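The following paragraphs offer a guided reading of a protein structure. The reader is invited to keep the sequence and the model in view throughout.

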Amino acid sequence: MPELPEVETVVCGLKKILPGKKIIKILRSHHNLRIPYPKNFSEELTGANILEVTRLAKYIIIHTDLQKSIIIHLGMSGRLSLQDTTNLSMQKHDHAIFHLSDNKSLIYNDPRRFGLVTMIKTTDIEKYNLFKNLGVDPLSDQFNTQYLEAKIHNKNTSLKDFLMNSRNVVGIGNIYVNEILYSAKLSPLKTVKTLTSKEIELIVICTKKILNDAINSGGSSLKDYIAPDGVLGNFQNSFKLYNKENQKCFYCNELIVKNYYHQRATYFCPNCQQD
């Protein structure tokens, strides 16, 4: 599943292309995605001018001048691509095609259909049911030591679970939480209420660094992820921990261990990341 860096890479690409374009026509497959399309989805967006593209957690938001915003989540296997409209036809697993005024089309393709494409009033974004309980963005100024100290107070949850809970912090999935905690040399199973102020500060620093480094590398192209221009990200080449089972630790030469925690692959160095 694309995580925050991959979604941010998509958004950065779309920001360069979509603003100022008009939606001329929308084609949809007969398949529903994770949630059904709103009534009159195509009709209400036809003729809309695109104002800007933003990211909220792992969601892509396309704002229009009709005070309607398109919400897109890539799910497990969703992809967005831009193609010439001329001679374009709907291919297998294409579920939404937005014909634009510059003879380009934005295509949402999703073989597994775990993603979504929907529409809400722009003024309803903050209270939308998918967004109203979200924590802070890890790249924002709000994600700081003071915020984390208040959020973890007396909590018995593990550090990995805490960082992957979108009510605490958004956008951090399994791949990046492994890399973040390895960089911070903290056990993924450490109970958050036992963290020291120094460790909390380190989590903030490592989170921002790892995510920004991944964005600068175009994300990690594992399995289904690909950017709208078809270019693969290469941050997976910079992984120090993920997929490194039985390889020597980057810091101490101990062998990396892989376990499954809550059915998710969890990599760690038993020497550097002691609980």
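In this predicted model, both Tyr37 and Phe41 are buried. The ring centres of Tyr37 and Phe41 lie 5.2 Å apart and their planes meet at 50 degrees, so the pair counts as tilted. Tyr37 and Phe41 also belong, together with Phe98, to one aromatic cluster. A charged group accompanies this cluster: the charged end of Arg28 sits over the ring of Tyr37, at 4.1 Å from the ring centre.

The count of aromatic pairs in the model comes to 7. One of them is formed by Tyr182 and Tyr251, whose ring centres are 5.0 Å apart and whose planes stand at 50 degrees, so this pair is tilted. It links distant parts of the chain, since Tyr182 belongs to helix 5 (residues 174-184) and Tyr251 to the loop between helix 6 (197-216) and strand 9 (257-261), 69 residues apart. How exposed are the two partners? Tyr182 is buried, with a relative accessible area of 0%, whereas Tyr251 is partly exposed at 33%. Elsewhere, the charged end of Lys240 sits over the ring of Phe250, 4.9 Å from its centre.

The strands may be considered next. As a general matter, strands of a sheet pair through backbone hydrogen bonds, in either a parallel or an antiparallel manner. Strand 3 (residues 59-64) is a useful starting point: 6 of its 6 residues are buried, so the strand is largely enclosed by the rest of the structure. Its side chains alternate in direction, with Tyr59, Ile61 and His63 pointing one way and Ile60, Ile62 and Thr64 the other.

Strand 3 has a partner before it and another after it in the chain. Strand 2 (residues 50-56) runs antiparallel to strand 3 and is joined to it by 6 bridges; within this pairing, Thr54 has Ile61 as its bridge partner. The two strands form a hairpin with 2 residues between them, and Ala57 in the turn has a positive phi of about 55 degrees. Strand 4 (residues 68-73) is likewise antiparallel to strand 3, with 5 bridges joining them, and His63 stands opposite Ser69. The hairpin of strand 3 and strand 4 has 3 residues between the strands, and there Gln67 takes a positive phi near 60 degrees.

Another group of strands can now be traced. An open sheet is formed by 4 strands in the order 1-6-7-5, with antiparallel pairing. Strand 1 (23-28) and strand 5 (79-84) stand at its edges with a single partner strand each, so one side of each has no neighbour in the sheet. From one strand to the next, the twist averages 20 degrees. At one end of this order, 6 bridges join strand 5 to strand 7 (residues 104-109), the two running antiparallel; Leu80 stands opposite Tyr108 in strand 7.

Strand 7 also contains Asn109. Is this residue buried or exposed? Asn109 has a relative accessible area of 18%, which is under the 20% limit, so it counts as buried. Apart from neighbours within four places in sequence, Asn109 is in contact with Ser77, Gly78, Arg79, Lys92, His93 and Asp94. Polar atoms take part in two of these relationships: the side chains of Asn109 and Asp94 are joined by a polar contact of 2.8 Å, and the backbone oxygen of Lys92 lies 3.2 Å from a polar atom of the Asn109 side chain. Asn246, by contrast, is 137 residues from Asn109 in sequence and 36 Å away in space, C-alpha to C-alpha.

Definitions and conventions. Residues are numbered from 1 along each chain as its sequence is written. This is a predicted model: local features need pLDDT of at least 70, side-chain atom pairs count only at pLDDT 80 or more; totals for chains, interfaces and linings use all residues. Side-chain values use heavy atoms; hydrogens and water are left out. Buried means under 20% relative accessible area, exposed over 50%, partly exposed in between (1.4 Å probe, protein chains only). Two strands pair if DSSP finds at least two bridges between them. Axes are lines fitted to C-alpha atoms, for helices over the stretch in contact, and angles run from 0 to 180 degrees between N-to-C directions. Rings of Phe, Tyr and Trp (its six-membered ring) pair if their centres lie within 6.5 Å; planes under 30 degrees apart count as stacked, over 60 as edge-to-face and the rest as tilted. A charge sits over a ring if NZ of Lys or CZ of Arg is within 6 Å of the ring centre and within 35 degrees of the ring normal. Contact means heavy atoms within 4.5 Å. A polar contact is a pair of N or O atoms within 3.5 Å; within protein, one must be able to donate a hydrogen and the other to accept it, and residues adjacent in sequence count only if both atoms are side-chain atoms.
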